[in-house]
Amino acid sequence: MFQQGNFRGFEAELREPGIAVITFNQPERMNGLTQAIKRDLIEQLTQAQMDDRVRVVLFAGSGRAFSAGDDITGRPLPPGTPLVPDIFPGHREAIGTYEGLRVLSQTLNSAVRNLDKLSIAAINGIAIQTGLSLALSCDFRIAAKEARLGSATLRFGLLPDEGGQYLLVQLMGVAKTMDFLMHKRIVSADEALALGLVHEVVEPGGLASRAMELATELANGPQVAMRLLKRTIYNAAEMTWAHALDDIAAKTAISDHHPDAREGVAAFRERREPQFNQWLNR
């Protein structure tokens with residue numbers, strides 16, 4: 001079951017019609033993430049995946065940042081209920097860094113990307129490094145006009161080690177990604193829109209309402225077909241033509257025989273709005 005409440009570094013709330021809102025709530029830390037916070041987020045996303053009440057996951061930030069990246073200050077963890085026990089932090093030596101990245105940092109972005117349910121990043125302010133890659137892992141990104149996005153890891157002699165380079169290449173291509181990362185670019189919301197990093201930009205004060213509007217639209221759509229479509233879109237980006245055709249054929253064999261498809265056809269014939277997701281009311 002998707003737990004609601006105040007956890008370490010974020011709070012979670014389930015709103016109608018099935019929108020799980022995860023808000024980073026440490027503005028004094030610019031919503032910086034630690035390994036413990038990431039591990040709790042992975043658990044939260046696992047719960048969202050398995051809870052039928054959740055249809056859409058919406059990430060939001062508080063204060064001036066969505067997330068300014070990893071919190072490398074060494075400060076104590078923020079207060080809040082831990083979702084999972086602490087484990088050894090890693091990063092003490094080369095193999096520890098490898099394991100920490102594979103098990104925690106990269107796994108968080110994989111958990112977002114692997115959600116069958118659609119996800120939205122409402123980027124209110126600064127989204128840097130880990131914060132950027134987390135936003136790019138989401139299916140939809142809406143940015144406030146004052147938001148700024150970048151990786152800028154080279155400023156510290158570091159790499160975009162959570163998969164940021166992969167996500168940027170998928171969205172912008174190799175040439176633009178090379179320019180973006182090598183020049184340590186931090187771009188405005190409008191520049192991010194032009195580069196294809198966000199889907200839309202909204203005026204200050206309109207981000208929360210627009211993000212909820214989109215989340216509600218997605219939550220009211222036919223959930224089974226949308227989740228299958230999401231997966232086959234991501235698959236198509238890495239498949240051959242023949243494999244992509246087979247993939248969507250297999251998924252269509254599920255969606256065509258689902259009650260939502262029968263309702264959609266009936267609503268079209270009866271010239272009314274379809275009432276999807278009755279199967280969720282069991």
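1. Let's start with a pocket. Strand 8 (140–144), helix 4 (164–172) and helix 8 (223–236) each supply at least two residues to the lining of the second largest pocket. Helix 8 gives the largest share, five residues. In total, 18 residues line this pocket, and those nearest its centre are Asp-139, Phe-140, His-199, Ile-233 and Tyr-234. The space inside comes to about 330 Å³. Sorted by class, the lining has 11 nonpolar, three polar and four charged residues. Please keep in mind, here and in every point below, that this is a predicted model.

2. Now turn to the largest pocket, which holds about 1,100 Å³ of space. Its lining is made of 43 residues, and Leu-33, Gly-69, Asp-70, Asp-71 and Ile-72 are the ones nearest the centre. Three elements give two or more residues to this lining: helix 1 (35–50), helix 2 (94–114) and strand 7 (126–128). Helix 1 has the largest share, with four residues. What classes of residue make up the lining of the largest pocket? They divide into 20 nonpolar, 12 polar and 11 charged.

3. There is an enclosed space to look for as well. Rolling a probe the size of a water molecule over the atoms shows where empty space is left. How many cavities of 30 Å³ or more does a search of the whole structure find? The search finds one, and about 50 Å³ of space lies in the largest cavity. Among the residues lining this cavity are Gln-129, Thr-130, Leu-132, Ser-133, Pro-160, Leu-168 and Leu-181. Helix 3 (130–137) and helix 4 each supply at least two lining residues, with helix 3 giving the most, three residues. By class, the cavity lining has four nonpolar, six polar and one charged residues. You have already met helix 4 in the lining of the second largest pocket.

4. Helix 7 (residues 207–219) is a good place to practise a simple check. At 1.5 Å a residue, its 13 residues should span 18 Å, and the C-alpha atoms at its ends are 18 Å apart, which agrees. Which residues of helix 7 are buried? They are Leu-207, Ala-211, Met-212, Leu-214, Ala-215, Leu-218 and Ala-219. Looking down the axis of helix 7, you will see these buried residues fall within an arc of 160°, so they line one face of the helix. On the other side of helix 7, Ser-209 and Glu-217 are exposed. A general rule helps in reading this pattern: an α-helix has 3.6 residues a turn, so residues three or four places apart point the same way.

5. Near the start of the numbering, look at strands 1, 2 and 3. Strand 1 (residues 5–7) and strand 2 run antiparallel and are joined by three bridges; the partner of Gly-5 in strand 2 is Ala-12. Two residues lie between the strands of this hairpin, in which Gly-9 takes a positive phi near 90°. Strand 2 also pairs with strand 3 (residues 19–24), again in the antiparallel sense, over six bridges. Here Glu-13 has Val-21 of strand 3 as its bridge partner. The hairpin of strand 2 and strand 3 has three residues between the strands, and Gly-18 takes a positive phi near 95°.

6. Stay with strand 2 (residues 10–15) for its two faces. In a regular strand the side chains alternate between the two faces of the sheet. Which residues of strand 2 are on the covered face, and which on the uncovered one? Phe-10, Ala-12 and Leu-14 make up the covered face, while Glu-11, Glu-13 and Arg-15 make up the uncovered one.

7. Strand 6 (residues 118–123) offers another pattern: six of its six residues are buried. Leu-118, Ile-120 and Ala-122 point one way, Ser-119, Ala-121 and Ile-123 point the other way, and all are buried. Which way does strand 4 (residues 56–61) run against strand 6, parallel or antiparallel? The two pair in the parallel sense over five bridges, and Val-56 stands opposite Leu-118. Strand 6 is also joined to strand 8 by four bridges, and these two strands run parallel. In that pairing, Ala-122 stands opposite Ile-142 of strand 8. Strand 8 brings us back to the opening point, as one of the elements supplying at least two residues to the lining of the second largest pocket.

Definitions and conventions. Residues numbered from 1 in each chain as written. Predicted model: local features only at pLDDT ≥ 70, side-chain atom pairs only at ≥ 80, totals over all residues. Heavy atoms only, no water. Expected span 1.5 Å × (residues − 1). Buried < 20%, exposed > 50% of the residue type's maximum accessible area, 1.4 Å probe, protein only. Arc of directions from axis to C-beta. 1 Å grid on protein atoms, 1.4 Å probe; cavity = no way out; pocket = protein on both sides within 12 Å on 5 of 7 lines; lining within 4 Å. Points joined across faces, edges and corners; volume = space filled by probe spheres on them. Nonpolar A, V, L, I, M, F, W, Y, C, P; charged D, E, K, R; others polar. Pairing = 2+ DSSP bridges.
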